[in-house]
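These are my notebook entries on one chain. I set out to follow a few residues and helix pairs through the structure.

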Amino acid sequence: MAVAVVNRHSRVAVPVGRLARAARRALAAVGRPAGQLDVLLVDDAEIRRLNGAWRGVRRRTDVLAFPLEVPPGPLLGQVVISADAARRQARRLGVPRGLELELLVTHGVLHAVGWDDRDPVEAGLMHAREREVLSAAHGRLPDRLWRGLLA
């Protein structure tokens, strides 16, 4: 599976290899181990611009997913993460920034393959799947990591 991670944010250090591994784990967990995905890290201004342009929501967010697949091809799409949001959320929750970034990339991969968190029931299922994927890789994780998902 091909995962490309590009950090366009110059002020936040990003563990590129760790994010690529997290994306590959998430792709395998959703039955798409051959999927191709681009992960792009940007600042708050860029993610706000993208959120406004593509979703009509003129505010910042932590992660956006752009599914590009035309079945049955391997191209899944692109996940865009605000490195600023990851830094803030990690600090607020008291978790390592790398772990927060793994959660965001996992969340973005699930969106890219069709999971949706706008409905509360579907959001619960999606967040449970994220917990499974990350816990399989790391074992027991701090409960506070999941608080950001419910906000």
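Entry 1, Glu102. I looked up Glu102 first and found its place in helix H4, in a model that is predicted. I asked whether Glu102 is buried or exposed. Its relative accessible area is 1%, so Glu102 is buried, the cut-off being under 20%. I then listed what Glu102 touches, leaving out residues up to four places away in sequence: Arg18, Leu19, Ala22, Arg25, Leu134 and His138. With one of these, Arg18, I found a polar contact, side chain to side chain, at 2.4 Å. I also checked Ala86, which is 16 residues from Glu102 in sequence, and read a C-alpha to C-alpha distance of 9.6 Å.

Entry 2, Arg21. I looked up Arg21 and found this residue in helix H1. Its relative accessibility is 46%, and Arg21 therefore counts as partly exposed. I noted that 81 residues along the chain separate Arg21 from Glu102, while their C-alpha atoms are 8.9 Å apart.

Entry 3, H1 against H4. I turned to the packing of these two helices and read an angle of about 40°, with the axes 9 Å apart. The crossing in which H1 passes H4 is right-handed. On the H1 side I recorded Arg18, Leu19, Ala22, Ala23, Arg25, Ala26 and Leu27 as making the contact. On the H4 side I recorded Gly98, Leu99, Leu101, Glu102, Val105, Thr106 and Val109.

Entry 4, H4 against H5. Helix H5 spans residues 120–138, and I found that its axis comes within 10 Å of that of H4, crossing at roughly 130°. H4 is therefore oblique to H5. This crossing, too, I noted as right-handed. The residues of H4 in the contact are Leu99, Glu102, Leu103, Thr106, His107, Leu110 and His111. Those of H5 are Met126, His127, Arg129, Glu130, Val133, Leu134 and His138.

Entry 5, H3 against H4. I read a crossing angle of roughly 120° for H3 and H4, whose axes come within 9 Å. H3 is therefore oblique to H4. I recorded a right-handed crossing where H3 passes H4. Ala86, Arg87, Gln89, Ala90 and Leu93 of H3 meet Arg97, Glu100, Leu101 and Leu104 of H4.

Entry 6, inside H3. Which residues of H3 are buried? I listed Ala83, Asp84, Ala85, Ala86, Gln89, Ala90 and Leu93. I followed up Gln89, which is found in helix H3. Gln89 counts as buried because its relative accessibility is 17%, against a cut-off of under 20%. Not counting residues up to four places away in sequence, Gln89 touches Asp62, Glu100 and Leu104. Just after H3 I noted Gly94, which takes a positive phi of about 70°.

Entry 7, Asp44. I looked up Asp44 and placed it in helix H2, residues 44–55. At a relative accessible area of 10%, Asp44 is buried. With residues up to four places away in sequence set aside, I found that Asp44 touches Arg60, Ser82, Asp84, Ala85 and Arg88. The side chain of Asp44 makes a polar contact with that of Ser82, at 2.7 Å.

Entry 8, the nonpolar cores. I asked how many residues the largest nonpolar core has, and which of them have the most contacts inside it. I found 24 residues, with Leu37, Val39, Leu41 and Ile81 having the most contacts within the core. The elements that each give two or more residues are strands S1 (2–7), S2 (36–42) and S4 (75–82), together with helices H1 (16–29), H3 (83–93) and H4 (97–112). H1 gives the most, with 6 residues. I then looked up the contacts of Val39, leaving aside its neighbours within four places in sequence, and listed Val3, Ala4, Val5, Val6, Val79, Ile81 and Val105. Apart from the largest core I recorded another, of 9 residues, including Ala90, Leu134, Leu145 and Trp146. As background I added that nonpolar side chains tend to be buried together in soluble globular proteins.

Terms used: Residues are numbered from 1 along each chain as its sequence is written. This is a predicted model: local features need pLDDT of at least 70, side-chain atom pairs count only at pLDDT 80 or more; totals for chains, interfaces and linings use all residues. Side-chain values use heavy atoms; hydrogens and water are left out. A nonpolar core is a set of buried Ala, Val, Leu, Ile, Met, Phe, Trp, Tyr and Cys residues joined through side-chain atoms within 4.5 Å. Buried means under 20% relative accessible area, exposed over 50%, partly exposed in between (1.4 Å probe, protein chains only). Contact means heavy atoms within 4.5 Å. A polar contact is a pair of N or O atoms within 3.5 Å; within protein, one must be able to donate a hydrogen and the other to accept it, and residues adjacent in sequence count only if both atoms are side-chain atoms. Axes are lines fitted to C-alpha atoms, for helices over the stretch in contact, and angles run from 0 to 180 degrees between N-to-C directions. Angles under 35 degrees count as roughly parallel, over 145 as roughly antiparallel, 65 to 115 as roughly perpendicular and the rest as oblique. A crossing is left-handed if the near helix is turned anticlockwise from the far one by less than a right angle, and right-handed if clockwise.
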